[in-house]
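Q: Could you take me through one part of this model up close? I would like to see how one helix sits against its neighbour, with a little background on the chain as a whole.

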Amino acid sequence: MASPCPSTSTVIEGDTINPGLEKQLDPYLVQFDEGDPLDPQSWSVAKKWYLTRMSHMFLIASGVFSNIVEEFHMSEIAGILTLSLFVAGYCIGPILWGPLSEQYGRRPIHVWPFVAFLGFQVGAALAPNAASILVFRFLAGTFAAAPLTNTGALISDIWDAKMRGKALAIFTVAPFAGPALGPTVAGFIGATTDWRILFWVLTGFTGFCLTTIIFTVPETYSPLLLARKAQQKREETGDLGYYAPFERQEWPIRARVYHVLVRPWVIFFQEPMLVSLTLYMSFVYGCLYLLFEAYPIVFTMGHGFNAGISGLMLLPIPVGGAAAVVLYSMYYNPRYEAEAAKLAPRPVPPEFRLHMAFIAGPLFSVSFFWFGWTSFPSISYWAPLMAGLLMGFAIQLIFLGLFNYLVDAYLSVAASALASTTVIRSLFGAGFPLFAGEMYHALNPRWASTVLGLISVAMVPIPFVLHRSVARLISPIRLHRLGLGRALQHFVTFPTTQLLRRLIPSRHKMPPMTLNGVVTKAGFMNKTATVLVSRFVSHKLTGKRIVRSKKYLVHDEENKLRTDDLVVIRNCPPVSARKRFELHQLLKSPETEREIARARRLQNQTTLSEATQPSPVLEALGARQDRASL
């Protein structure tokens, strides 16, 4: 047979999603039925909002406890470490709890880390010395990161694509509300009572959250719920053929370790765009925790407020964040939905998310200049207080814009991209308070805030640069070498498409592939056949198993393929610049088998008819005898 390589395959039909087809292809594959009570997205709206609101309570933070510093004669830096080490635990937590929740479900990773968190809170309350407090604070932060990691996943499990954006926008206020409320509670309780009482209060609140999780928060991870449903079907029917995709996933330990610990950093250090956005978000996040040291200098030392009142000065920050969420829900999200409807079936370009950062970046810089140059004791405390309102508004919009942009831009590797971002952001949050006090004492609040404002001004152009030059920064060739080429599909509508195509050498356009499919048309064109390739994938938003199908023209030199044939096709040479495919193996040919069966039936009928007919020799002898008798 002549080589089919000179011919090219043509995509006849784009990706189509047909969940009902999955059941037709495999009747033993267990999936959710319409309105299935096991399906988290079929739960009532009231139950979904209850879980969404309760999840906000699980995000706990606290301030620095001044009584600890006095009792154990700790230095100022050591006292700040009670906060910084707690935040540093967030560096380790997301790496552990995210993958574990996808292996064992959301509920166990909500319950058991909270049990450990409760134990470490008790340990801190009973700590005999400063070293044990610092150790317990770090371990508490590590296990407290479980709800921070898991709550976003829980919200994604229960809400559909239309409502998920609004629910997640509300959820993002909680990580900023915690740092603002923590110093307030710590200030009022710690100023009048022993610091151990404060830890017992936190322990009681942790115990309340744990009790709430145990009795009211169900499992929401759909793949695990389908595995349980498959187990129930096997027990009810006695048929061991029923299965869920989750039960057949096999990941070697080495691959899992690479996926969790190595790949996020491989992507991070090779992507200038990811590095720049991570530094921007980390700086903003670090400035939020820096205020824990700046506010007492301005409001306690400058205006003479006690620790509790100084903590109240932080409340405008979450109020500004809530205002940003309202703006996002009423203006930016409807704009995005309208753009999605306009461009359908193509995706909305990720740079559409950057419009929020265009406004929020300059506002964040202004808020620091405002806060710094109104921090004079002679000026009313309302002036720097209201700067926090603008600061919270800008921080929330920056995170909403850049976080969503990263998810859209690195959609196929979003978990890995966000993992490295979360670790570095937490390091900034842990590190900034360590130098904030010295900085504000040495430079005074005016010039210290000016330095931070000028750094933020230098970062304002980052979203604008990405909006214009994203193709130069995303390094598509490296993504292909990492096996991450699908991320490039989401840049087809960029103004820089031609530049992006020039950046990808032709030999990287299609990796080696061997595909299983079914012939839908034979002889559609000369010496070609149309092959439908279907595969099971997890939906990026819902997590449900769906069927994604695409049709290819495959060269058939001998015209031996028939409709409904099951075949294996592959591109050749193994890396193809023009998507060339050839027939690799014919697995099954129903039409050929039917033709063979028909031929066999005809042969059997012929044999039977021949057996019932008299022999010609006997007929000739009989005729001779008849003539002789006459």
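A: Happy to! Let's start with the whole chain: among its contacts with a separation of 6 or more, 76% join residues 24 or more positions apart. Keep in mind that this is a predicted model. The protein chain has 22 helices and six strands, and 50% of its 630 residues are buried. Its accessible surface comes to about 29600 Å², with 63% of that belonging to carbon and sulfur atoms.

Now for the close look, at helix H14, which covers residues 316–343. Two packed helices are described by the angle between their axes and the distance between the axes. H14 packs with helix H15 (residues 355–373) at an angle of about 140 degrees, and their axes are 11 Å apart. Angles over 145 degrees count as roughly antiparallel and 65 to 115 as roughly perpendicular, so H14 and H15 are oblique to each other. On the H14 side, the contact is made by Tyr328, Tyr332 and Arg335; H15 brings His355, Met356 and Ile359. By class, this contact of H14 with H15 has four nonpolar, one polar and one charged residues.

One more residue of H14 is worth a visit: Pro334. Pro334 has a relative accessibility of 35%, so it counts as partly exposed. Leaving out residues up to four places away in sequence, Pro334 touches Tyr328 and Ser329. Tyr328 is also one of the H14 residues that make the contact with H15.

Technical notes
Residues numbered from 1 in each chain as written. Predicted model: local features only at pLDDT ≥ 70, side-chain atom pairs only at ≥ 80, totals over all residues. Heavy atoms only, no water. Helix = DSSP H or I, 4+ residues; strand = E, 2+ residues; numbered from the N terminus. Buried < 20%, exposed > 50% of the residue type's maximum accessible area, 1.4 Å probe, protein only. Contact = heavy atoms within 4.5 Å. Areas by Shrake-Rupley, 256 points an atom, 1.4 Å probe, with all protein chains shown as cover. Axes fitted to C-alpha atoms, helices over the stretch in contact; angles between N-to-C directions. Parallel < 35°, antiparallel > 145°, perpendicular 65-115°, else oblique. Nonpolar A, V, L, I, M, F, W, Y, C, P; charged D, E, K, R; others polar.
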